[in-house]
Amino acid sequence: MKIEIWSDYACPFCYIGEKRLEKAISQIKTDEKIKIIFKSFELDPTADKKVVSSTAERFAKKYFMNIADAEKKIEQISLLGRREGIDFKYISTNYTNTFDALRLTKFAEEKNCAEIVEKLFDAYFTKNLELADHKILKKIAADCGLDENEVEKFLDSDKFSEEVRKDEFEAAKLGIHGVPFFLIDEKFALSGAQPTEILKNAIEDALAEKISEKFSGMTCGADGCKF
């Protein structure tokens with residue numbers, strides 16, 4: 001079975017959704033191997049490579065809130081993450097461009113290093129690191145067992161740029177406007193950070209080759225997050 005996930009590392013619901021998917025799969029009894037394929041979806045391709053504002057300031061501006069209300073909403077989202085066992089620190093994230101982090105994910109995938117996805121989410125939402133910083137990306141890759149010199153050469157190139165764009169083009173063709181977005185065996189499409197039980201049921205239905213359905217949940221898109 002193949003589960004494709006369109007996602008971005010700056011999306012809080014993507015991290016939450018990834019954790020819920022992990023839990024759902026752990027609850028399913030099957031002899032069939034379930035392969036997870038991470039697909040790129042930049043929430044903001046124009047994002048700066050340096051931090052230019054705080055999370056609360058950016059959130060307030062995007063959703064037309066004052067800072068106090070923005071901080072409350074950010075904390076509500078963080079609480080959802082903590083309930084999934086994440087030391088979620090959304091309020092202090094350092095927002096930067098994620099394109100190179102998405103490229104690095106493709107590089108790691110080629111090296112059969114699936115743990116890079118969790119490490120990058122953790123770096124952003126727990127350690128509050130800047131994912132546009134090549135030094136940080138090299139350190140994360142090295143912690144995953146990848147060769148640091150090889151990673152440095154890769155990051156200084158444009159390798160896997162086309163693959164990231166291909167994922168985004170595919171998302172557009174499929175009508176995906178928000179993430180996370182799950183496509184299970186090309187049969188079941190689920191949008192948003194679905195509850196673990198819904199993800200579990202969808203995977204079991206796909207395993208049973210039932211008719212596909214669509215569900216909607218909390219997502220982030222170019223115009224912001226829906227919650």
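In the predicted model, the largest nonpolar core comprises 59 residues, and within this core the residues with the most contacts are Tyr9, Phe13, Ile116 and Leu131. Helix 5 supplies the largest share of this core, contributing seven residues. Apart from this core lies another, made up of 15 residues, among which are Leu21, Ile34, Phe188 and Leu199. In soluble globular proteins, nonpolar side chains tend to be buried together.

The surroundings of isoleucine 116 were examined with its neighbours within four places in sequence left aside; on this basis, isoleucine 116 is in contact with Tyr9, Leu104, Thr105, Ala108, Ile140, Ala141 and Cys144. Tyr9, one of these partners, is also listed with isoleucine 116 among the residues with the most contacts inside the largest core. Two further partners, Ile140 and Ala141, belong to the buried residues of helix 6.

Helix 6 spans residues 134-143, and its buried residues are Ile136, Leu137, Lys138, Ile140 and Ala141, a list in which a lysine accompanies isoleucine, leucine and alanine residues. The cover over these buried positions includes helix 4 (99-110), helix 5 (116-125) and helix 7 (148-155). At its N-terminal end, helix 6 is capped by aspartate 133, of which a side-chain oxygen lies 2.8 Å from the backbone nitrogen of lysine 135. Just after helix 6, glycine 145 adopts a positive phi of about 95°.

Positive phi values also occur at two residues other than glycine, phenylalanine 160 and glutamate 186. Phenylalanine 160, with phi of about 70°, is placed in the loop between helix 7 and helix 8 (161-173), and this residue counts as buried because its relative accessibility is 11%, below the 20% limit used for burial. Glutamate 186, with phi near 60°, is situated in the loop between strand 4 and strand 5 (188-191); its relative accessibility is 57%, and it therefore counts as exposed, the limit for exposure being over 50%.

A further backbone feature is found at proline 180, which is joined to valine 179 by a cis peptide bond with omega of about 5°. Proline 180 is located in the loop between strand 3 (178-179) and strand 4 (181-184), and strand 4 is also the element that precedes the loop holding glutamate 186.

Key: Residues numbered from 1 in each chain as written. Predicted model: local features only at pLDDT ≥ 70, side-chain atom pairs only at ≥ 80, totals over all residues. Heavy atoms only, no water. Buried < 20%, exposed > 50% of the residue type's maximum accessible area, 1.4 Å probe, protein only. Helix = DSSP H or I, 4+ residues; strand = E, 2+ residues; numbered from the N terminus. Contact = heavy atoms within 4.5 Å. Polar contact = N/O pair within 3.5 Å; in protein donor to acceptor, adjacent residues only side chain to side chain. Core = buried A, V, L, I, M, F, W, Y, C linked by side-chain atoms within 4.5 Å.
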